[in-house]
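Work through the exercises below with the sequence and the structure open. Each task is followed by a solution in steps.

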Amino acid sequence: MKYFSILCLVFATFLASSVNAQKIPTKIPVLQGKCTSTISVDLKKGKLYNPDRSLSENASYRYTKSGMVIKARKLMKDKDFQWMKFPFQSLNPNGKIVGLRFKYTVQPASRKSDKLCYISQSRIAQGTTRSAIVRLDDANNLYKANNKTYVTRAFPPFHSLAKNYKEVSFRLAMTPKDEIIFHKIEVLIECPQKNECDLAFKPRLISKGAEKSVVRGNTFTKYSLAIANYNNLPDELFKAAPNLPACGRNTNSSRTWVDILDAKGNKIYGFCALNQASDLTKLWFSVPQGEKGP
């Protein structure tokens, strides 16, 4: 066996890569995949923060079938800088983030609070949690509305890196018992031509050595492999995906599969139950004792 290859399939985002190596370690081609036009932000991850990024107790918030519902406990003025923040990650780093689209409801508790209950600012920030760069900033006040859609644009469009921290934030002004609901939040992406883009992740395959193993009385040579820069991939890629095609009898396989192929493209072994990115350091395959390895 002169060489082997690894084929990674990311079903949930319809990404695919092929890796060929003549020796280990080796350089591996860039992972490629399709660029989608929107990223749906997970509303369940939203939290209300004070200006110093400590959690605010000025409002309660809960996720329901209609979306993330924020209900004010205390008066929150615009100058109090109360931010509802929703973190997100993009798996299409060569696609440019061009804007933000969200559906919302602003529901004052009384007529007196019609002008005191509103979304005062919409923002996308990129970077670390402590030193983010503002990429989109819209200061239009959004007052009383029911299931209304609002779209705003970034200045200028910017590339999104897979592991780079990003968040969508909304600055809120509310009086006690006012409610603001975010029904849906989408980050808008401008894809390169032909709807394809290169992922920033370039996997670095290394060998961890070989050892003898005995299975049911048969002796094999077990080769251990790892993707050294696994930590550049988000764990979201390895979540269980029961709504996608099963892996044999495994109907709850992960979003990412790894197949190990021989030089002729024949599958030697595969992994479809990876739970997190660090599992990429535990790859292996075996060949019968006496057979030439890679």
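**Exercise 1.** In this predicted model, find the salt bridge between Lys 85 and Glu 167 and state which strands the pair ties together.

Step 1. The side chains of Lys 85 and Glu 167 meet at 3.2 Å, N to O. A salt bridge requires the nitrogen to lie within 4 Å of the carboxyl oxygen, so the pair qualifies.

Step 2. Lys 85 belongs to strand 8 and Glu 167 to strand 13, so the contact ties together parts that are 82 residues apart in sequence.

Step 3. Buried means under 20% relative accessible area. Lys 85, with 10%, is therefore buried, and Glu 167, with 4%, is buried too.

**Exercise 2.** Which residues are linked with Glu 167 in a network of salt bridges?

Step 1. Glu 167 also forms a salt bridge with Arg 53, where the closest N and O atoms are 3.3 Å apart.

Step 2. This pair links distant parts of the chain: Glu 167 is in strand 13, while Arg 53 sits in the loop between strand 5 (47-49) and strand 6 (59-64), 114 residues away.

Step 3. Arg 53 counts as partly exposed, because its relative accessibility is 27%.

Step 4. The network thus consists of Arg 53, Lys 85 and Glu 167.

**Exercise 3.** Describe the salt bridge of Asp 78 with Arg 171 and decide for each residue whether it is buried or partly exposed.

Step 1. The closest N and O atoms of Asp 78 and Arg 171 are 2.8 Å apart.

Step 2. Asp 78 lies in the loop between strand 7 (67-72) and strand 8 (82-88), and Arg 171 lies in strand 13; the two residues are 93 apart along the chain.

Step 3. Asp 78 has a relative accessible area of 25% and is therefore partly exposed. Arg 171, at 12%, counts as buried.

Step 4. For the whole structure, a search finds eight salt bridges.

**Exercise 4.** Which strands pair with strand 10, and how many bridges join each pair?

Step 1. Strand 10 covers residues 118-127, and nine of its 10 residues are buried.

Step 2. Nine bridges join strand 10 to strand 13 (residues 165-173) in an antiparallel arrangement. Here Arg 123 has Ser 169 as its bridge partner.

Step 3. Strand 10 also pairs with strand 11 (residues 132-138), again antiparallel, over six bridges. In that pairing, Ile 124 is partnered by Leu 136.

**Exercise 5.** What is the strand order of the open sheet that contains strand 17, and which strands form its edges?

Step 1. The sheet has three strands in the order 16-17-20, with antiparallel pairing.

Step 2. Strand 16 (205-215) and strand 20 (283-288) are the edge strands, since each pairs on one side only.

Step 3. From one strand to the next, the twist averages 25°.

Step 4. Strand 16 is joined to strand 17 (residues 218-227) by 10 bridges. Ser 213 stands opposite Phe 220 of strand 17.

**Exercise 6.** How many residues lie between strand 18 and strand 19 in their hairpin?

Step 1. Strand 18 (residues 256-261) and strand 19 (residues 267-271) run antiparallel and share four bridges. Ile 260 stands opposite Tyr 269 of strand 19.

Step 2. Five residues separate the two strands of the hairpin, and Gly 265 in the turn has a positive phi of about 85°.

Definitions and conventions
Residues are numbered from 1 along each chain as its sequence is written. This is a predicted model: local features need pLDDT of at least 70, side-chain atom pairs count only at pLDDT 80 or more; totals for chains, interfaces and linings use all residues. Side-chain values use heavy atoms; hydrogens and water are left out. Two strands pair if DSSP finds at least two bridges between them. Axes are lines fitted to C-alpha atoms, for helices over the stretch in contact, and angles run from 0 to 180 degrees between N-to-C directions. Buried means under 20% relative accessible area, exposed over 50%, partly exposed in between (1.4 Å probe, protein chains only).
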